[in-house]
Amino acid sequence: MNRSVKLRSDGAELRDRIIRSLRAQGFRVRDGAILPPKELSKERIRELHKTAVEHRIERARDSLFRAEKDLLRYIASGHEVVPSRISPRLVEVLPGSEEELLFRYASLHWSIPVSSGYGRRLRFLVLDDHNGKLIGLIGLGDPVFSLQPRDAWIGWTSSERKKRLANVMDAFVLGAVPPYSFLLCGKLVAMLAASDTVRRAFRRKYGGVRSVIRRKVHDGRLALITTTSALGRSSVYNRLRLGDRLLYQSVGFTKGFGEFHFSNGLYGAITEFVEKHCEPTAKQERWGVGFRNRREVIRKCLRALGLSSDWLYHGIKREVFVIPLARNCREFLRGEHSRLQWYHHSEAQIFEYFRDRWMLPRAGRDQRYRTFEAESYRLWRAP
């Protein structure tokens, strides 16, 4: 069988699988385009992500199933949580540690698929020192190169963005686990991302490190964190303050571009097809050669199948937030200032404000956290 015949044969089957998968997730396929459901409530967005989330859970089974019993020891039941005695502490996640297993396990419970982060990564568990239980997760990774709402807020030129993007990180996972989530601890975790602890950990890990591509030594200064809401407009980040300071500033919405809708069991077949029938795009020589990233693989596959690469536009727009860590963050990122005028917020200061402003009032009027059972957090049942 010659190459063109093989391409048509392999492609026809994969093309049908992609279309069937998109329709099963809830997308509408019309005249060569894909459209999200007409009504995009938060619950409907969760449903669109459901297949991809289930696939990630199934893929993780082999590596985490045996550890689940031990990891569940970190999940509190409601009777183990005493609001007046909660004492949060950030614990940096190190590769190969039990903390890393717990981070991976807990992130599988998010309502949208959580990536592993890109390039540089800085991850934390938020633990309750009162009982040793998990409150939530913070995961920071390299930001995307071009993000229009962020770039417009900063006022970046393309040259300044190249110089200063290394001083920005993106929060790819940020939130609380139950029963702490019932006590609004998603807000606490979001606030702790702006703490001195996170900024100093970034300096310790990346200060003095030479970049792979530009061969430039990093100065270790984290000036800005960005994040996007999981389900459209965010109720956690909006109006989130620490005293008079607005921590999370909404700067717009994404265009609804990404690949989650191809990450539900199809990506393996897509990769196999692209490696067999498409030419790889050489990376920068220090990175090696091959395809640049998942989006390039999917784009090449769609084009080879006669489908539009615009199918990467899924239409699920996410609210973009910036979290400046210094008063002159924008001036520094534009290259106008050489020194940063830091905000200083300790973990204790942040928690004290959060506790009095949100948590204790919520605990007094909403008792749902008391009824949560840790066993309900289990992902897999023994065969």
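These exercises walk through a predicted model, each with a worked solution.

Residues are numbered from 1 along each chain as its sequence is written, and side-chain values use heavy atoms, leaving out hydrogens and water. Local features need pLDDT of at least 70 and side-chain atom pairs count only at pLDDT 80 or more, while totals for chains, interfaces and linings use all residues.

**Exercise 1. The sheet**

Task: State the strand order of the seven-stranded sheet and find which strands stand at its edges.

Solution.
- Use DSSP runs, numbered from the N terminus: helices are H or I with at least four residues, strands are E with at least two. Two strands pair if DSSP finds at least two bridges between them.
- The order is 3-4-5-6-7-11-10. The sheet is open, and its pairing is mixed.
- Strand 3 (88-92) and strand 10 (249-253) are at the edges. Each has a single partner strand, so one side of each lacks a neighbour in the sheet.
- Neighbouring strands are turned by 30 degrees against each other on average, direction ignored. Axes are lines fitted to C-alpha atoms, for helices over the stretch in contact; angles run from 0 to 180 degrees between N-to-C directions.
- Now add helix 4 (residues 98-107), which packs on the sheet. It touches strand 3, strand 4 (121-128), strand 5 (133-141) and strand 6. Contact means heavy atoms within 4.5 Å. The helix direction makes about 90 degrees with that of strand 5.

**Exercise 2. Strand 6 and its neighbours**

Task: Work out how strand 6 pairs with strand 5 and with strand 7, and whether strand 6 is buried or exposed.

Solution.
- Strands 5 and 6 run antiparallel, joined by six bridges. Leu-137 has Gly-175 in strand 6 as its bridge partner.
- Strand 6 (residues 168-176) pairs with strand 7 (residues 224-228) in the parallel sense, over four bridges. Met-169 is bridged to Ile-225 in strand 7. Asp-170 stands opposite Thr-226.
- Buried means under 20% relative accessible area, exposed over 50%, partly exposed in between (1.4 Å probe, protein chains only).
- Nine of the nine residues of strand 6 are buried, so the strand is largely enclosed by the rest of the structure.

**Exercise 3. The backbone after strand 6**

Task: Find the cis peptide bond and two residues with positive phi that are not glycine.

Solution.
- Start from the norm: most residues other than glycine have a negative phi, and most peptide bonds are trans.
- The bond from Pro-178 to Pro-179 is cis, with omega near 0 degrees. Pro-179 is in the loop between strand 6 and helix 7 (185-192).
- Leu-184 lies in that loop too. Its phi is positive, about 65 degrees. Leu-184 is buried, at 17% relative accessible area.
- Arg-239 also has a positive phi of about 65 degrees. It is found in the loop between strand 7 and strand 8 (241-242). At 68% relative accessibility, Arg-239 is exposed.

**Exercise 4. Cysteines and helix 10**

Task: Count the disulfides and explain why Cys-301 is not bonded to Cys-278.

Solution.
- A disulfide is a pair of cysteine sulfur atoms within 2.5 Å.
- The count is zero.
- The closest cysteine sulfur to that of Cys-301 is in Cys-278, 6.9 Å away, which is too far for a bond.
- Cys-301 is buried at 1% relative accessibility. It is among the buried residues of helix 10 (residues 294-304), with Glu-296, Val-297, Ile-298 and Leu-302.
- Helix 10 is followed by Gly-306, with a positive phi near 80 degrees.
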